[in-house]
Amino acid sequence: MGDSVNEYTTRLQQQEQEIKSLSAEIESLKNPQKLSPSPRLEELRDENAKLKYRLNVLKRSLQEDRTVPCGKSMTNILQRLEEIFCEAIRAAYPELENPPLSVASSQQPRFGEYQCNSAMAIAQILKAKGVKTNPREIAQNIVQNLSDNEVILKTEIAGPGFINVHLKRPYVSKLMSNLLINGVQPPPLAKKRVVVDFSSPNIAKEMHVGHLRSTIIGESMSRLFEFLGYDVLRLNHVGDWGTQFGMLIAHLQDKFPDYLTSSPPIGDLQAFYKESKKRFDEEEDFKKRAYKCVVRLQSKEPEFINAWNLICDVSRKEFQKVYNCLDITLIERGESFYQEMMNTVVKELDERGLTEMDEGRKVLFVPGQPIPLTVVKSDGGYTYDTSDLAALRQRIFDEKADMIIYVTDSGQGTHFQVVFAAAQMIGWYNPQVTRVEHAGFGVVLGEDKKKFKTRSGDTVRLMDLLDEGLKRCMDKLKEKEREKVLTPEELTKAQRSVAFGCIKYADLSHNRCNDYVFSFDKMLDDRGNTAAYLLYAFTRIRSIGRLANIDEAALRKAAETTEVLVEHEAEWELGKCILRFPEILQKILDSLMLHTLCDYLYELATTFTDFYDSCYCVEKDRQTGKVVKVNMSRILLCEATAAIMAKCFDILGINPVGRM
């Protein structure tokens with residue numbers, strides 16, 4: 001129906017322009033007294049009147065539809081207000097093409113819930129056209145053109161032309177009921193195919209703390225996209241090809257000569273790698289043999305492919321231990337997957353005359369970029385530039401991705417900038433149609449504000465870090481004597497939930513572009529914006545229904561029959577906070593900044609605390625402890641808060657537990 005309104009509006013504007021043109025033509029003629037009205041003018045006026053009538057009918061019908069929340073989806077109140085103000089601005093200033101629209105949440109509750117700030121920008125546009133108008137007058141004109149709607153209770157014009165917006169409480173109440181009946185649903189969005197490239201450790205090397213951020217951030221982004229209804233391909237672009245495999249295979253042949261018939265007991269692949277690297281650096285014969293092994297591997301001789309697979313499998317088992325702890329899901333598609341595709345890429349670039357020779361290398365210069373891409377080395381081998389071009393091409397044409405997100409450290413920012421610019425220059429994708437983005441992140445620092453290392457100066461192994469988290473968390477739980485009230489199974493669940501949840505949240509709650517200090521003490525603190533605090537808060541909220549002896553069936557029935565009242569100021573603040581969830585998701589989708597969700601989750605938890613301190617939910621007899629009175633509307637507010645918190649935890653990859 002919205003498309004019909006737009007169509008009629010466009011036709012109406014075109015015809016009104018033609019009417020003005022014809023009228024001006026008639027006025028300009030020398031003998032207006034001898035003129036009879038133009039038949040075309042009369043015809044246009046008749047159709048114009050009919051169009052206006054149809055447009056008004058459609059608008060009324062659309063308005064009636066919007067008073068009822070759309071299906072099961074959660075309504076984005078900010079977007080709904082943008083629609084309302086866009087319509088009002090177009091009505092007030094039809095001569096402006098694409099007039100500026102600016103609607104935002106209000107920072108001060110006394111000034112309403114939202115604010116339209118378009119008047120000042122419109123004043124600047126009109127001034128440039130030679131029309132001087134006070135922004136307050138523009139704001140007044142916009143307000144006068146607001147259609148009757150289900151959202152806005154009243155507006156106030158403040159300062160130089162801000163329009164403060166106050167919401168109707170019954171509207172908020174209705175949206176709350178919709179949420180409770182249908183559950184936490186994503187806002188309606190067009191379906192997209194999304195590729196997220198994250199984690200990406202190197203075969204034969206331990207995962208270290210540097211892989212932590214990519215793994216946690218990429219998993220959370222993937223969960224967000226999946227919740228929004230997108231088709232997500234989570235890719236692990238592991239380093240599983242290259243010259244290092246020559247020395248690994250040569251060392252394998254020496255150390256375990258019967259490796260083809262008996263699986264070698266490589267317990268510590270990191271030590272195995274170091275041994276082979278030492279020999280490669282010190283033994284000339286070994287180095288020559290390692291190079292021959294690379295050639296035979298690249299020729300895909302079965303014996304060498306088997307050795308390569310064996311080394312990869314040992315690594316995969318180690319990686320999987322980390323992924324199991326952190327609940328990470330990935331499809332491995334390493335550099336080896338793109339080997340044949342690299343030939344195709346280089347051939348395409350050569351045929352189109354885009355490559356040139358530079359000191360023996362074949363390079364691709366991209367206009368406006370600081371460095372060229374090396375697509376073929378002087379020895380004829382390919383590079384990371386070649387494999388990343390091949391991977392991007394495959395994801396665009398074979399996967400048909402609408403969005404491709406690379407989650408790696410910010411140090412690779414320039415590399416990806418050049419790769420993306422090259423792909424656009426070649427014509428593989430249009431950034432207006434396909435979103436290709438590098439979601440970079442800062443490094444993990446120790447408490448001394450230097451790069452996170454062990455005391456001996458080595459890189460911190462990720463499994464050691466996770467084990468340390470489990471140990472410290474159990475110490476904290478026992479310090480609070482939780483082992484006395486929880487079963488051994490519940491205690492272990494709480495330990496894993498808090499330990500891994502705290503590590504993830506400490507990362508995700510920081511702006512990913514910045515470096516962050518890794519501190520177990522801060523992570524496990526149950527005060528402030530930490531996973532420990534939020535998990536405890538969530539468990540308390542979930543226990544309120546149990547305290548009132550209300551089961552899930554009773555809650556479901558209450559959601560359908562009980563109005564959620566938002567009359568008390570604390571109820572009102574909590575209701576508004578809960579319903580901002582779709583806005584927050586849209587903001588993260590635009591920016592890929594997950595700390596926005598953490599900030600919102602913490603705000604929701606603290607807003608709930610204010611509500612619970614001010615508004616009784618369950619009243620008990622002080623002598624007997626029996627439940628005397630239950631305020632079901634407020635119990636439903638508790639339930640809605642818990643539902644939104646649970647979905648936030650799910651997107652962040654944190655698993656809350658029933659008892660802590």
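Two strands count as paired if DSSP finds at least two bridges between them. Keep that in mind, everyone, since we start with a sheet. One caution before we do: the structure on the screen is a predicted model.

Let's look at strands S5 and S6. They run parallel, and five bridges join them. To see one spot up close, find Val 196: opposite this residue, in S6, stands Arg 234. Now move to the other neighbour of S6. Strand S6 covers residues 231-236, and two bridges link it to S7, again in parallel. One pair you can look for is Asn 236 with its bridge partner in S7, Glu 332.

Now zoom out a little. How many strands form the open sheet? There are five, in the order S7-S6-S5-S11-S12, with parallel pairing. And which strands stand at the edges? They are S7, residues 331-332, and S12, residues 435-438. Each has a single partner strand, so one side of each is left without a neighbour in the sheet.

Helices pack on this sheet too. Helix H7, residues 209-227, touches S5, S6 and S11, and its direction makes about 165 degrees with that of S6. Helix H14, residues 413-426, lies across S11 and S12, and runs at about 160 degrees to S12. Is S5 mostly covered or mostly uncovered? Mostly covered: four of its five residues are buried.

Next, the whole chain. Its secondary structure comes to 23 helices and 16 strands. Of its 660 residues, 48% count as buried. Here is a number I like: take the contacts between residues at least 6 apart in sequence, and 74% of them join residues at least 24 apart.

That brings us to the inside. In soluble globular proteins, nonpolar side chains tend to be buried together. In our model, the largest nonpolar core has 171 residues, and those with the most contacts inside it are Leu 212, Phe 225, Phe 518, Phe 581 and Ile 644. Helix H11, residues 302-326, gives the largest share of this core, with 13 residues. There is also a second, separate core of 32 residues, which includes Leu 364, Val 366, Val 419 and Phe 420.

Let's visit one of those well-connected residues. Leaving out residues up to four places away in sequence, Phe 518 touches Leu 212, Val 444, Leu 445, Glu 447, Phe 452, Leu 465, Ile 503 and Met 523.

Another residue to click on is Leu 462, in helix H15, residues 462-479. Is Leu 462 buried or exposed? Its relative accessible area is 1%, and buried means under 20%, so Leu 462 is buried. Beyond residues up to four places away in sequence, Leu 462 touches Met 207, His 208, Val 209, Leu 212 and Val 322. Leu 462 and His 211 are 251 residues apart in sequence, and their C-alpha atoms are 8.0 Å apart in space.

Last stop: a pair of helices. The axes of H8, residues 244-255, and H9, residues 269-282, come within 9 Å and cross at roughly 100 degrees. That angle makes H8 roughly perpendicular to H9. Among the residues making the contact are Met 247 and Leu 248 of H8, and Phe 272 and Tyr 273 of H9. By class, this contact of H8 with H9 has six nonpolar, three polar and five charged residues.

Thanks for listening, and do have a look around the model yourselves!

Definitions and conventions
Residues numbered from 1 in each chain as written. Predicted model: local features only at pLDDT ≥ 70, side-chain atom pairs only at ≥ 80, totals over all residues. Heavy atoms only, no water. Core = buried A, V, L, I, M, F, W, Y, C linked by side-chain atoms within 4.5 Å. Buried < 20%, exposed > 50% of the residue type's maximum accessible area, 1.4 Å probe, protein only. Contact = heavy atoms within 4.5 Å. Axes fitted to C-alpha atoms, helices over the stretch in contact; angles between N-to-C directions. Parallel < 35°, antiparallel > 145°, perpendicular 65-115°, else oblique. Nonpolar A, V, L, I, M, F, W, Y, C, P; charged D, E, K, R; others polar.
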